[in-house]
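Colleague: I'm still new to reading structures. Could you take a close look at the inside for me, and then show me how the charged pairs fit in?

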Amino acid sequence: MSQSRWREYVATEADTELTVEQVIREKLMVSGRMLQRLTRSKGIQLNRKTPFLGRKVKAGDRISVRVVDKPDPAAGAGAQKLLVNPDLPAPDVLYEDNEYIIINKPAGMMVHPVGEGQNETLVHVLTAYWAAKGAPAVPHPVHRLDKETSGTVLIAKSSYAHQLADRLLRDNKISREYVAVLSGVVASDDGAVNAPIARDPMHKVRRRVHDKGENAVTHYKVLARSESMTLVEAWLETGRTHQIRVHFAHLGHPLLGDTLYGGERSKATGQALHAHRLSFVHPVTNAPIAVEAKLPAGLAAFIEQEFKQNI
């Protein structure tokens, strides 16, 4: 059995009152939905045989779950297959291992397709990248960036790795730090915006701060000021759609180039928001992972000229 395709747990004396299902959920950290998928695709083994999930384990039993995706019978024959586009550029890889890859996404690229006819998203780029390496995998974005936001994106290589990282994300254990240029001069040196975000009923894309929205918290620290702009570092406590953009617009300081939320149009920077750093403890290896993504050349040059800062 290939170790790269399966993850294994060896039961101890302390586990002898647990069932196979309990070991899978508690020791191998498999979610209920993932457990159903693994059951349907025969992705669970006890001592290399398909087990009854209610059976109690004995010390020395080897409980294994498949960590490489296999087609799910419940998906049916009509499931869409992502077409590989071999003409796409190679991704800017910041980190990669058997479970995850972290990419520096360029501004102007969507993370995943949202309709038919799209074949130049980050998901397409990675599908082509892995196919060219002879190691095909299915990209599972753990979080997303807006199309015009550049920087770090964490992608899982399997449903199993995705649900492990998604648990970290929901527990606020993945740190995401951004650099942004704001319109106007922010008075305080640091602060937090705690304001719920909801869809704008008057616009199909835009969000707004609203009492009945979802909880959203953004922290920020001022890095530099000019006569008419502010350079900030921001980090998320929650991950709502357009959160940083909505929150700073709510403060009266929309992002430079973010015309959807009232920011001044800028050819020099585009939307001046970049996911600069990403860090977390790897849920499989327990190793600390931390990466930084270089700013796009245009944004870096603008910041150096406007704020005399080199990031």
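Modeller: What follows is a walk from two helices to the cores and then to the salt bridges.

First, a word on how to read it: this is a predicted model, in which local features need pLDDT of at least 70 and side-chain atom pairs count only at pLDDT 80 or more, while totals for chains, interfaces and linings use all residues. Residues are numbered from 1 along each chain as its sequence is written, and side-chain values use heavy atoms, with hydrogens and water left out.

Let's begin with helix H3, residues 122-132. Helices here are DSSP runs of H or I with at least four residues, strands are runs of E with at least two, and both are numbered from the N terminus. Eight of the 11 residues of H3 are buried, so the rest of the structure largely encloses this helix. Buried means under 20% relative accessible area, exposed means over 50%, and partly exposed lies in between (1.4 Å probe, protein chains only). The buried residues in H3 are Leu-122, Val-123, His-124, Val-125, Leu-126, Thr-127, Ala-128 and Trp-130. What do they pack against? Their partners are strands E4 (93-96), E5 (100-105), E6 (140-141) and E7 (150-156), where contact means heavy atoms within 4.5 Å. Just after H3 comes Gly-134, with a positive phi of about 75°.

Helix H5, residues 243-250, has six of its eight residues buried, so it too is largely enclosed by the rest of the structure. Those six are Gln-243, Ile-244, Arg-245, Val-246, His-247 and Phe-248. After H5 you will find Gly-252, whose phi is positive, near 90°.

Now for the cores. A nonpolar core is a set of buried Ala, Val, Leu, Ile, Met, Phe, Trp, Tyr and Cys residues joined through side-chain atoms within 4.5 Å. The largest one here has 32 residues, and the members with the most contacts inside it are Ile-24, Val-30, Ile-63, Val-65, Leu-154, Tyr-160 and Phe-280. Helix H4 (residues 159-170) gives this core its largest share, five residues. Another core, of 27 residues, lies apart from it, and its members include Val-125, Ala-180, Ala-195 and Ile-244. To see one residue's surroundings, look at Ile-63: leaving out residues up to four places away in sequence, its contacts include Tyr-9, Val-20, Ile-24, Leu-46 and Val-57.

Finally, the charged pairs. The structure holds 17 salt bridges, each a side-chain nitrogen of Lys or Arg within 4 Å of a carboxyl oxygen of Asp or Glu. In one of them, Lys-58 meets Asp-61 at 3.9 Å, N to O. Lys-58 is partly exposed at 45% relative accessible area, whereas Asp-61 is buried at 5%.

Lys-221 and Glu-233 also meet in a salt bridge, at 3.9 Å. This pair links distant parts of the chain, with Lys-221 in strand E12 (residues 217-225) and Glu-233 in strand E13 (residues 229-236), 12 residues apart. Lys-221 is partly exposed at 38%, while Glu-233 is buried at 10%.

Then there is Arg-277 with Glu-292, at 2.8 Å, N to O. Arg-277 sits in strand E14 (residues 273-281) and Glu-292 in strand E15 (residues 288-292), so their bridge ties together parts 15 residues apart in sequence. Both partners are partly exposed: Arg-277 at 28% and Glu-292 at 48%. Through shared partners, salt bridges join Glu-177, Lys-221, Glu-233, Arg-277 and Glu-292 into one network.
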